[in-house]
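Visitor: I should like to be guided through this model by way of a few questions.
Guide: Certainly; please have the structure at hand.

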Amino acid sequence: MNKEIVVSGIRSTGFLHLGNYFGAIRNYVRMQEEYPCYFFVADYHSLTTHPDPALLKPNVYRVLAENIACGLDPEKVALYVQSDVPEIPELYLMLNMLAYKGELEKTASFKDKARTQPDNVNAGLLTYPTLMAADILIHKASYVPVGKDQEQHLEMARNFAQRFNHRYGETFPEPHPFNFGSDLVKIPSLDGTGKMSKSENENATLYLADTDEVIRKKVMKAKTDQGPTEVNSVMPDYIENIFLLMRLVSEADVVKKFEKDFSECTIRYGDLKKQLAEDMVRFISPIREKAESIRHDHVYLHKIMKAGQEKARESASKVLSEARRRMGINFYC
Ligand code: ADP
Ligand code: TRP
């Protein structure tokens, strides 16, 4: 077991999808064998965009169940809910004193959300990166398995850690994004525009809860064209995306066959998509079935959440005491 600590979180904003799986959860499942890991449902973060109380609980249970269905083992890791660990919001408050309005306003995710929800540009959105830094620093994590879209947030977490260390003395290691391959992953949407996402682009996103029929329908609708007319043509982005997905779930020789067909202009996109659809069904259906059997078992899920909370608070309370001491907030010792 390595000694570097791993932290990552997923917001409870809806159904998990292939992007969450290949960008984040696949790495969690491998890292749990090699590192001390803390994985959590970021329910406070979800309130910045999804404040409906009626949806919060089912969404939290869903994210927990889907993580376990993907192979996360609650015996091996601390699997918990962010709001069950009060040390996190306390560190968040302290880190907010080290975060500048200007840099928060410049964050891409803030600008994006300010544009998409102009009537609800709340302070939680603005300080999203400081809460995320608190999630990570509260366990002194070094590695954070996330998708490519989180790079900027990680960079900010490193800045806050450096600032804290500079002002109050060496306390936090600098957290870095992590992926077992070389680059961080971005799973594209099926319509060739942007990435798969929990809350946008639903028809072009493959969810881990999609039925076999829905998977087939979505894949068959993926954007293609008439096919290449010259040998060894450059692949358009949307075709490249289909191959990217295929490389994740299909056998290597199947992918090779279709790549060869593309280069030789004999490819039939209908066949390519049919193959991808069947391989996706084979990949997703066992996860869907397992998650469905766990999702409604609240007794089991509560047991896991409580055990996770205990492990997380044990680590978090130590780090929080140290941070308070360094800041001079330790009156009674
Ligand atoms: P979403 O963006 O769908 O709301 P989250 O923000 O909760 O999902 O992301 C949870 C994790 O999944 C993060 O590590 C994020 O980087 C990763 N992720 C989300 N979408 C993708 C994608 N399309 N490709 C790769 N990783 C992704
Ligand atoms: N911001 C992340 C996302 O949208 C979720 C998240 C919250 C997170 N806190 C975190 C990820 C801490 C890694 C570490 O995907």
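**Helix packing and cores**

Guide: In this predicted model, the cover over the buried residues of helix 10 includes helix 13 (269–295).

Visitor: Which residues of helix 10 are buried?
Guide: Helix 10 spans residues 212–220. Glu213 and Lys217 are exposed on its other side. The buried residues are Ile215, Lys218 and Val219.

Visitor: Why do these buried residues lie on the same side of helix 10?
Guide: An α-helix has 3.6 residues a turn, so residues three or four places apart point the same way. In helix 10, the buried residues lie on the same side because the arc they cover around the axis is only 95°.

Visitor: Which helix gives the most to the largest nonpolar core?
Guide: The largest nonpolar core has 62 residues, and Leu18, Leu206 and Met280 have the most contacts inside it. Leu18 itself is in contact with Leu206 and Met280, including other residues such as Phe283 and Ile284. At least three residues of the core come from each of domain 1 (6–185 + 298–327) and domain 2 (210–292). With 10 residues, the element that gives the most is helix 13.

Visitor: How far from Arg158 is the nearest side chain of opposite charge?
Guide: Arg158 belongs to helix 9 (residues 151–168), and is buried without a salt bridge. Beyond its neighbours within four places in sequence, Arg158 is in contact with Glu174, Pro175, His176 and Pro177. A salt bridge requires a side-chain nitrogen within 4 Å of a carboxyl oxygen. The nearest side chain of opposite charge is that of Glu174, at 4.7 Å.

Methods: Residues are numbered from 1 along each chain as its sequence is written. Chains are lettered from A and ligands numbered from 1 in the order in which they are written. This is a predicted model: local features need pLDDT of at least 70, side-chain atom pairs count only at pLDDT 80 or more; totals for chains, interfaces and linings use all residues. Side-chain values use heavy atoms; hydrogens and water are left out. Helices (H or I, at least four residues) and strands (E, at least two) are DSSP runs, numbered from the N terminus. Buried means under 20% relative accessible area, exposed over 50%, partly exposed in between (1.4 Å probe, protein chains only). Lys and Arg count as positive and Asp and Glu as negative; His and the chain ends are not counted. Contact means heavy atoms within 4.5 Å. The arc is that of the directions from the helix axis to the C-beta atoms. A nonpolar core is a set of buried Ala, Val, Leu, Ile, Met, Phe, Trp, Tyr and Cys residues joined through side-chain atoms within 4.5 Å. Domain bounds come from an automatic or database domain assignment.
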